Amino acid sequence: MSAWSTFIASPWGAALAIAAMALITFLCRISGVLLMSRLRITPRIERGLRALPGSIILATILPTALDSGWPALTALGAAVAVMATTRIDVLGLAAGLGTLAVIRALL
């Protein structure tokens with residue numbers, strides 16, 4: 001076993017990995033700030049940035065909902081409808097979870 005392998009397998013190797021991940025995370029975040037400070041925000045870009053959180057959530061949840069079948073899709077539809085009408089995320093979450101709980105209780 002080489003000295004490098006021994007170092008990586010030691011607690012210092014784990015600390016080095018954590019420090020490297022923290023540095024990379026910081027660089028990713030600061031690069032976004034630097035890029036956006038040099039970019040002119042047009043109305044089109046602003047609309048896109050406002051839609052981004054919902055798009056990310058939907059892209060994360062939709063594949064799981066599609067695999068879970070119609071109860072999950074119905075609950076997702078209820079959550080989206082409530083969030084679209086009230087603009088309150090917690091109510092949308094409650095509506096989606098409540099809908100899914102009722103459907104599963106009835107099946």
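**Helices, exposure and contacts in a predicted model**

Me: What phi does glycine 69 take, just after H3?
Reply: In this predicted model, glycine 69 has a positive phi of about 95°. Arginine 87 also has a positive phi, near 60°, in a residue other than glycine. Arginine 87 belongs to the loop that connects helix H4 (70-86) with H5.

Me: Why is arginine 87 called exposed?
Reply: The relative accessible area of arginine 87 is 70%. The term exposed requires a value over 50%, and arginine 87 therefore qualifies.

Me: How do you know what confidence the predictor has in the chain?
Reply: The mean pLDDT of the chain is 89, and 99% of the residues score at least 70. Among the elements of the chain, the lowest mean, 78, belongs to helix H1 (residues 3-9), while the highest, 94, belongs to helix H5 (residues 89-106).

Me: How do you know what span is expected for helix H3, and what span does H3 reach?
Reply: Helix H3 (residues 43-68) contains 26 residues, and 1.5 Å a residue gives an expected 38 Å. From first C-alpha to last, H3 reaches 38 Å, close to that expectation. H3 nevertheless has a kink of about 40° at leucine 52, shortly before proline 53.

Me: What makes the contact of arginine 50 with glutamate 46 a salt bridge?
Reply: The closest N and O atoms of arginine 50 and glutamate 46 are 2.8 Å apart. The cut-off is 4 Å between a side-chain nitrogen of Lys or Arg and a carboxyl oxygen of Asp or Glu, so the pair meets it. The structure holds 1 salt bridge.

Me: Where in the chain do arginine 50 and glutamate 46 lie?
Reply: Both residues are in helix H3, separated by 4 residues, or about one turn of the helix. Residues three or four places apart point the same way, because an α-helix has 3.6 residues a turn.

Me: Why are arginine 50 and glutamate 46 placed in their accessibility classes?
Reply: Arginine 50, at 64%, is above the 50% limit and therefore counts as exposed. Glutamate 46, at 35%, lies between the limits of 20% and 50% and so counts as partly exposed.

Me: Why is alanine 75 called buried?
Reply: Alanine 75, in helix H4, has a relative accessible area of 6%. Buried means under 20%, so the term applies to alanine 75. Its C-alpha is 9.9 Å from that of alanine 94, a residue 19 positions away in sequence.

Me: How do you know whether alanine 9 is buried or exposed?
Reply: Alanine 9, in helix H1, has a relative accessible area of 59%. This value passes the 50% limit, so alanine 9 is exposed. Alanine 9 and valine 33 are 24 residues apart in sequence and 35 Å apart, C-alpha to C-alpha.

Me: What makes up the nonpolar patch on the surface?
Reply: The patch is formed by Leu23, Phe26, Leu27, Ile30, Val33 and Leu34, which together have about 550 Å² of accessible area. Leucine 27 is in helix H2 (residues 11-38). Patch residues need over 30% relative accessible area, and leucine 27, at 45%, satisfies this. The same 45% makes leucine 27 partly exposed.

How values were computed. Residues are numbered from 1 along each chain as its sequence is written. This is a predicted model: local features need pLDDT of at least 70, side-chain atom pairs count only at pLDDT 80 or more; totals for chains, interfaces and linings use all residues. Side-chain values use heavy atoms; hydrogens and water are left out. Patches are made of residues with over 30% relative accessible area and no salt bridge: like charges are joined within 9 Å, nonpolar side chains (Val, Leu, Ile, Met, Phe, Trp, Tyr) within 5 Å. Accessible areas come from the Shrake-Rupley method with a 1.4 Å probe; for residues, only the protein chains shown count as cover. Helices (H or I, at least four residues) and strands (E, at least two) are DSSP runs, numbered from the N terminus. Buried means under 20% relative accessible area, exposed over 50%, partly exposed in between (1.4 Å probe, protein chains only). pLDDT is the predictor's confidence in each residue, from 0 to 100. The expected span of a helix is 1.5 Å times one less than its number of residues. The bend at a residue is the angle between axes fitted to the seven residues ending there and the seven starting there.
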